[in-house]
Amino acid sequence: MSFTLVQQATPRLHRSELAVPGSNPTFMEKSAKSTADVIFLDLEDAVAPDDKEQARKNIVQALNEIDWGTKTMMIRINGLDTHYMYRDVIDIVEACPRLDMILIPKVGVPADVYAIDVLVTQIEQAKRREKKIGFEVLIETALGMANVEAIAQSSKRLEAMSFGVADYAASLRARSTVIGGVNPDYSVLTDKDAEGQRQTHWQDPWLFAQNRMLVACRAYGLRPIDGPFGDFSDPDGYRSAARRCAALGFEGKWAIHPSQIDLANEVFTPSEAEVTKARRILAAMEEAAKAGRGAVSLDGRLIDIASIRMAEALIGKADAMARA
């Protein structure tokens with residue numbers, strides 16, 4: 001273990017992150033009754049320029065008047081390259097004590113996060129706000145991915161990163177089909193078999209980017225969250241994309257439609273068998289410690305410190321879901 005210890009971000013249940021346009025009050029009311037862990041009320045891509053000002057007012061009213069229960073409430077502000085951003089932050093942070101986090105889009109360099117941090121810090125001090133606002137950043141450009149490790153260390157407010165696959169694909173000029181989906185041209189062809197036949201194996205074009213962001217998150221104590229899957233009429237495709245990310249170590253995934261919330265919660269919820277095994281690992285460790293044994297085994301397999309940490313993390317997530 002390194003002598004350098006990294007503080008972990010504020011723990012939050014983050015299996016599903018629902019996007020809700022700030023221009024639609026009806027959607028906001030419905031989303032409050034959903035099973036989403038995190039909701040972000042959107043001021044950016046989902047809101048037309050002429051509707052931005054009204055969307056801010058809608059969000060202020062919704063955050064102050066709707067019962068959101070225990071959900072983590074977040075807003076996605078407009079980009080730093082627009083004139084909408086500063087009013088998004090000021091108007092909502094000043095007026096909404098219920099706000100938990102801010103989602104910063106298209107972050108390219110650490111200074112982007114720093115700029116929002118300065119503004120939010122001043123508002124919190126001026127308003128004597130007791131609850132400190134957390135940040136999630138969207139890594140959705142080539143510049144952001146090139147600087148992802150530095151961005152991960154840019155602010156103590158930073159809690160999570162999301163992979164914004166749509167804008168990332170556009171940034172790379174990738175030949176993308178469905179947002180978050182795969183492309184049959186991104187594949188490998190096997191050699192010919194004895195009968196001269198060849199097989200085509202599709203590949204995941206987003207694996208490198210997801211892995212790079214994941215490593216940055218885990219290295220610096222942040223929650224890695226996968227972004228949108230555009231075809232909400234394809235639950236199997238969504239579930240497959242979510243499972244790939246869950247297998248890598250992601251904590252959750254966006255839902256751009258209510259039908260995707262339960263899919264995300266299902267995939268990123270540890271199974272009963274996984275939780276039971278994790279508790280058995282910790283019990284075996286405790287028993288070995290009492291007996292003065294250095295080595296711990298379970299079901300014929302050696303349990304090392306990494307196994308114990310993974311078990312503790314899984315049980316922590318299960319306990320958080322039980323409290324939700």
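Reader: Is Arg76 buried or exposed?
Author: This is a predicted model in which local features need pLDDT of at least 70 and side-chain atom pairs count only at pLDDT 80 or more, while totals for chains, interfaces and linings use all residues. Residues are numbered from 1 along each chain as its sequence is written, and side-chain values use heavy atoms, with hydrogens and water left out. The relative accessibility of Arg76 is 6%, and the word buried is used under 20% relative accessible area, exposed over 50%, and partly exposed in between (1.4 Å probe, protein chains only). Arg76 therefore counts as buried.

Reader: Which side chain is joined to that of Arg76 by a polar contact?
Author: Arg76 belongs to strand 3, residues 72-76, where strands (E, at least two residues) and helices (H or I, at least four) are DSSP runs numbered from the N terminus. Beyond its neighbours within four places in sequence, Arg76 is in contact (heavy atoms within 4.5 Å) with residues including Phe40, Asp42, Leu138 and Trp254. A polar contact is a pair of N or O atoms within 3.5 Å; within protein, one must be able to donate a hydrogen and the other to accept it, and residues adjacent in sequence count only if both atoms are side-chain atoms. Such a contact, of 2.7 Å, joins the side chain of Arg76 to that of Asp42.

Reader: Where does UniProt place the feature "binding site", and why can its residues be said to gather at one spot?
Author: The unreviewed UniProt entry places this feature at Arg76 and Glu140. These residues span 65 residues in sequence, yet they gather at one spot, because no two of their C-alpha atoms are further apart than 13.8 Å. UniProt positions are given in the numbering used here, feature names are shortened, and annotations may be inferred rather than shown by experiment, a caution that applies to this record's Arg76 and Glu140.

Reader: Which residue's backbone nitrogen lies 2.7 Å from a polar atom of the side chain of Glu140?
Author: Glu140 sits in the loop between strand 5 (134-139) and helix 5 (142-146), and at 2% relative accessibility Glu140 counts as buried. Its contacts, leaving aside neighbours within four places in sequence, include Pro105, Lys106, Asp167 and Tyr168. The backbone nitrogen at 2.7 Å from its side chain is that of Lys106.

Reader: How far apart in space are Asn24 and Asn58?
Author: Asn24 lies in the loop between strand 1 (16-21) and helix 1 (25-31), and counts as partly exposed at 22% relative accessibility. Although 34 residues separate Asn24 from Asn58 in sequence, their distance in space, C-alpha to C-alpha, is 7.9 Å.
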